[in-house]
Amino acid sequence: MEKPRQVVRKFLARPQHEGVGAVVRRSIGRFELRYFDPFLVLDEFSGELSIRSFSEWASLACPIPVQLTDCLSEFRAVSAPAGFPDHPHRGFETVTYMLEGAVTHEDFEGHRGTIKAGDVQWMTAGRGIVHSEMPAGPGTSRGLQLWVNLSSANKMVEPGYQEIQSKDIACTTADGVTVRVIAGHAMGARSPVRTRTPTMYLDFTVRPRAAARQPVPASWNAFAYVLEGEGVFGSERCAPAGAHHLLLLGPGDGVEVWNKSDGRPLRFLLIAGVPIGEPVAQLGPFVMNTEEEIDMTVDDFERYANGFEKARHWKSQAMVALGVE
């Protein structure tokens with residue numbers, strides 16, 4: 001590593017109450033940082049929704065499907081029986097990393113599964129998917145969701161999933177540093193996840209008085225997000241950053257991080273990706289390159305066409321169980 005990256009901007013992702021009792025810490029996709037190519041959204045979710053029933057929540061949320069999913073994209077603190085009922089996506093990938101609890105997902109292709117604490121789901125929405133994400137049981141679901149943009153060449157690919165259980169995530173420890181490799185490679189460990197937009201997603205835990213060093217390709221955009229403890233990023237002279245801080249990293253070929261605490265581990269995410277360098281047009285869960293393509297996507301969704309055909313007669317089991325028409 002010849003040129004460690006320095007912190008160029010720092011944000012505290014403050015908790016915000018959205019909709020009916022939901023709480024989210026959004027660091028990318030907010031007004032100060034709408035887009036950090038190729039990343040559209042980073043949410044840390046934790047807490048519970050205090051509502052009496054899904055029907056009450058739905059009636060208070062939004063009146064039509066596209067508006068409803070705009071609201072859903074803001075809700076990142078979930079507990080049964082609430083959650084994220086049937087909603088569409090097009091043009092990007094979502095990465096859900098569970099820290100606590102469990103979420104059951106199902107889609108109009110017949111795919112169904114549950115991701116638990118430590119598991120990862122890497123979903124390619126591509127040309128179109130309609131799915132639901134609902135808590136698998138009582139209690140709080142806590143984790144992170146990252147939205148990764150797709151290039152124009154990949155926006156209309158067939159949708160798909162990659163699901164990695166916690167026990168199968170590549171993990172290694174050396175010199176007081178442990179890393180879980182969600183995507184990319186680090187410290188000799190490599191993830192099996194295939195990314196259409198080249199992406200690095202690493203979960204580091206650094207013991208007190210230890211330091212982590214990780215190469216990052218010089219042409220990629222990179223950021224860190226602190227989950228627990230405090231860390232010094234970029235230069236030992238910098239002030240430490242605590243939990244819920246997003247750190248945008250400047251030019252360089254790697255990252256250096258120190259845990260100068262005497263007793264508390266530091267846990268942070270290091271995420272990097274190849275910038276796409278294309279225009280971005282977004283309407284809630286639809287991300288394309290032009291406003292004309294967004295108009296076409298809304299039309300496709302409303303007409304059940306060009307990737308949304310199966311949505312016409314599909315309803316998730318969660319919706320059926322809740323008695324929602």
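Which residue forms a salt bridge with R267? I looked it up in this predicted model. The partner is D203, and the closest N and O atoms are 2.6 Å apart. I then placed both residues. R267 sits in strand β24 (residues 266–273) and D203 in strand β18 (residues 199–206), so the pair ties together parts 64 residues apart in sequence. Both R267 and D203 are buried.

**Other salt bridges**

I searched the whole structure and found twelve salt bridges. One of them joins D300 to R90, with 3.0 Å between the closest N and O atoms. This pair links distant parts of the chain. D300 belongs to helix α3 (residues 291–303), while R90 lies in the loop between β6 and β7 (92–100), 210 residues away. D300 and R90 are both buried. I followed the shared partners and got one network of R90, D299, D300 and R303.

Next I checked K167 and D168. Their side chains meet in a salt bridge, 3.3 Å from N to O. Are these two buried or exposed? K167 counts as exposed because its relative accessibility is 65%, over the 50% cut-off. D168 has 45% relative accessibility, so I logged D168 as partly exposed.

**The sheet with β6**

I turned to an open sheet of four strands. Its order is β6-β11-β8-β9, and the pairing is antiparallel. Which strands stand at the edges? They are β6 (84–89) and β9 (112–116). Each has a single partner strand, so one side of each is left without a neighbour in the sheet. I noted an average turn of 25 degrees between neighbouring strands of this sheet, direction ignored.

I looked at how β6 is held to β11 (residues 129–135). The two run antiparallel and are joined by four bridges. F84 has E133 in β11 as its bridge partner.

**Whole chain**

I recorded four helices and 26 strands. Of the 325 residues in the chain, 56% are buried. I also took the contacts with a separation of 6 or more: 72% of them come from residues 24 or more positions apart. The exposed area is about 13,900 Å², and carbon and sulfur atoms supply 50% of it.

**Confidence**

The mean pLDDT of the chain is 87, with 86% of its residues at 70 or more. Where does pLDDT stay under 50? It does so over residues 49–81. The model has 84 contacts beyond four places in sequence for this stretch. Where pLDDT is low, predicted coordinates should not be read in detail. I left those contacts alone.

Terms used:
Residues numbered from 1 in each chain as written. Predicted model: local features only at pLDDT ≥ 70, side-chain atom pairs only at ≥ 80, totals over all residues. Heavy atoms only, no water. Buried < 20%, exposed > 50% of the residue type's maximum accessible area, 1.4 Å probe, protein only. Contact = heavy atoms within 4.5 Å. Areas by Shrake-Rupley, 256 points an atom, 1.4 Å probe, with all protein chains shown as cover. Pairing = 2+ DSSP bridges. Axes fitted to C-alpha atoms, helices over the stretch in contact; angles between N-to-C directions. pLDDT = per-residue confidence, 0-100. Salt bridge = Lys/Arg side-chain N within 4 Å of Asp/Glu carboxyl O.
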